[in-house]
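Work through the exercises below with the sequence and the coordinates at hand. Each task is followed by a solution in steps.

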Amino acid sequence: MKILIIGASGLLGKELMKDFSNGNEVCGTYSTRAAEGLIHLDMSQKAEIKDVFGRIKPEAVIIPGSITAVDFSEQNQDLAWRVNVEGIKNVAVLSKKAGAFVLYYSTDYIFDGKAGPYSETDKPNPINFYGRTKLEAERVIQKELKGSFLIIRPCSIYGYEKNGNNFAMQVLTSLKADKNFTSFRDQYGTPTYSEDLSEISLKLFSNKKEGIFNVAGPDFINRVQFSKDIADVFGLDAGLIKEIGSTKGRQLAKRPLRGGFKIDKLKRELGFSTLPLKEGLIKMKEESKKG
Ligand SMILES: NC(=O)c1ccc[n+]([C@@H]2O[C@H](COP(=O)([O-])OP(=O)(O)OC[C@H]3O[C@@H](n4cnc5c(N)ncnc54)[C@H](OP(=O)(O)O)[C@@H]3O)[C@@H](O)[C@H]2O)c1
């Protein structure tokens with residue numbers, strides 16, 4: 001099958017490239033971080049999306065691609081909307097025309113964080129601009145693709161990335177440099193290991209699952225505990241982790257405090273769960289040794 005992966009240069013995209021390449025003809029795109037074998041695609045450019053679809057003629061389109069920085073989205077709302085909503089709409093319309101199946105990645109930031117962890121049927125209510133764009137993109141996908149889409153919702157994706165900036169990498173970089181790291185004690189979620197998320201995505205896709213699926217780790221914890229578990233697994237000084245409440249934080253956009261996901265549907269439909277945090281971190285440590 002010909003598969004187009006939009007955003008293959010990101011944390012999750014790299015894993016998807018590996019997993020979906022097996023038995024398929026996969027083409028991945030980057031936006032700003034060029035990498036060997038990837039082609040350029042900026043989702044804010046309609047003509048470029050059309051050109052890529054014309055060249056690749058995908059039978060399936062996988063979209064980990066997104067502006068993901070929450071505060072950046074709050075400050076650059078026009079751009080965030082152009083990429084995360086209008087870009088997705090253009091991709092969805094062309095996918096529909098081509099008869100291609102779409103796998104889109106959303107987030108727990110579509111919820112207000114008053115009652116997490118959330119199930120697939122809970123009512124979204126985003127409290128920041130990034131969350132609004134992701135929810136709107138979900139709606140666009142559902143409207144355009146009817147029955148021919150899969151929306152996967154992960155939470156706090158972590159994994160080893162050289163020069164990467166995901167939360168776990170930020171903690172690691174600070175602690176390794178003997179610098180304090182400030183974590184929020186009131187922000188809860190269900191951290192999701194990138195390799196696990198990618199492998200489960202492939203299973204859902206191969207099993208022709210459709211609709212919305214939460215795919216997140218089984219541990220519902222706050223950022224302080226998340227940071228401490230990282231220190232523990234990597235043998236670093238947990239004393240460098242400082243606690244703070246969100247009101248005293250320096251985050252520009254509001255964060256859902258009790259986010260995260262319930263994964264009963266995933267367990268029911270695939271018959272297994274996601275990796276516990278400690279196990280994911282051990283795998284991440286093994287990956288980090290490879291450099
Ligand atoms: N990270 C998390 O904690 C988290 C949590 C919940 C949900 N999610 C969702 O999961 C998905 C994957 O997240 P991730 O952490 O792997 O993201 P990431 O590492 O930030 O990667 C984002 C990808 O999107 C691409 N991209 C950015 N702007 C683009 C544009 N204008 N046009 C086309 N592609 C563009 C990036 O390309 P370049 O790097 O080459 O510019 C990169 O390949 C996203 O949809 C995100 O919203 C993430």
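The exercises go from the sheet to a helix, a loop residue, the ligand shell and the domains.

This is a predicted model, in which local features need pLDDT of at least 70, side-chain atom pairs count only at pLDDT 80 or more, and totals for chains, interfaces and linings use all residues. Residues are numbered from 1 along each chain as its sequence is written.

**Exercise 1.** Give the strand order of the open sheet and state which strands stand at its edges.

Solution. Helices (H or I, at least four residues) and strands (E, at least two) are DSSP runs, numbered from the N terminus. Two strands pair if DSSP finds at least two bridges between them. On that basis seven strands form an open sheet with parallel pairing, in the order β3-β2-β1-β4-β5-β6-β11. The edges are β3 (39-40) and β11 (211-214); each has a single partner strand, so one side of each is left without a neighbour in the sheet. At the β11 end, β6 (residues 149-153) pairs with β11 in the parallel sense over four bridges, and Ile 152 has Phe 213 as its bridge partner in β11.

**Exercise 2.** Describe the pairing of β4 and the directions in which its residues point.

Solution. Start with the partners. Strand β1 (residues 2-5) runs parallel to β4 and is joined to it by three bridges, with Leu 4 opposite Val 61. β4 and β5 also run parallel, joined by four bridges; here Ile 62 stands opposite Leu 103. Next, the side chains. In a regular strand they alternate between the two faces of the sheet. In β4 (residues 60-63), Ala 60 and Ile 62 point one way, Val 61 and Ile 63 point the other way, and all are buried (20 or more other C-beta atoms within 10 Å of the residue's own, with C-beta atoms placed from the backbone; exposed means 12 or fewer, partly exposed in between).

**Exercise 3.** Check the length of α5 against its expected span, and find what covers its buried residues.

Solution. The expected span of a helix is 1.5 Å times one less than its number of residues. For the 17 residues of α5 this gives 24 Å, and the end C-alpha atoms are 24 Å apart, which agrees. The buried residues of α5 include Phe 129, Leu 135, Ile 141 and Leu 145. Their cover includes α3 (70-75), α4 (77-98), β5 and β6. After α5 comes Lys 146, with a positive phi near 25°.

**Exercise 4.** Is Asp 112 buried or exposed, and what does it touch?

Solution. Asp 112 is in the loop between β5 (101-105) and α5 (129-145). It counts as buried because it has 20 C-beta neighbours inside 10 Å. Leaving out residues up to four places away in sequence, Asp 112 touches Asn 125, Ile 127 and Pro 256 (contact: C-beta atoms, placed from the backbone, within 7 Å). Ile 127 is 15 residues from Asp 112 in sequence and 5.5 Å from it in space, C-alpha to C-alpha.

**Exercise 5.** Which residues are closest to the ligand?

Solution. The ligand is surrounded by 29 residues (C-beta atom, placed from the backbone, within 6 Å). The closest are Gly 7, Gly 10, Leu 12, Ser 31 and Thr 32. Helix α1 (residues 11-21) gives the largest share of the shell, three residues.

**Exercise 6.** State the domain bounds and how many residues of each domain enter the contact.

Solution. Bounds come from an automatic or database domain assignment: domain 1 is 2-156 + 192-214, and domain 2 is 161-189 + 219-258 + 276-290. The contact takes 23 residues from domain 1 and 17 residues from domain 2. On the domain 1 side, α3, α5 and α7 (194-206) give two or more residues, and α3 gives the most, with four residues.

Key
Contact = placed C-beta atoms within 7 Å.
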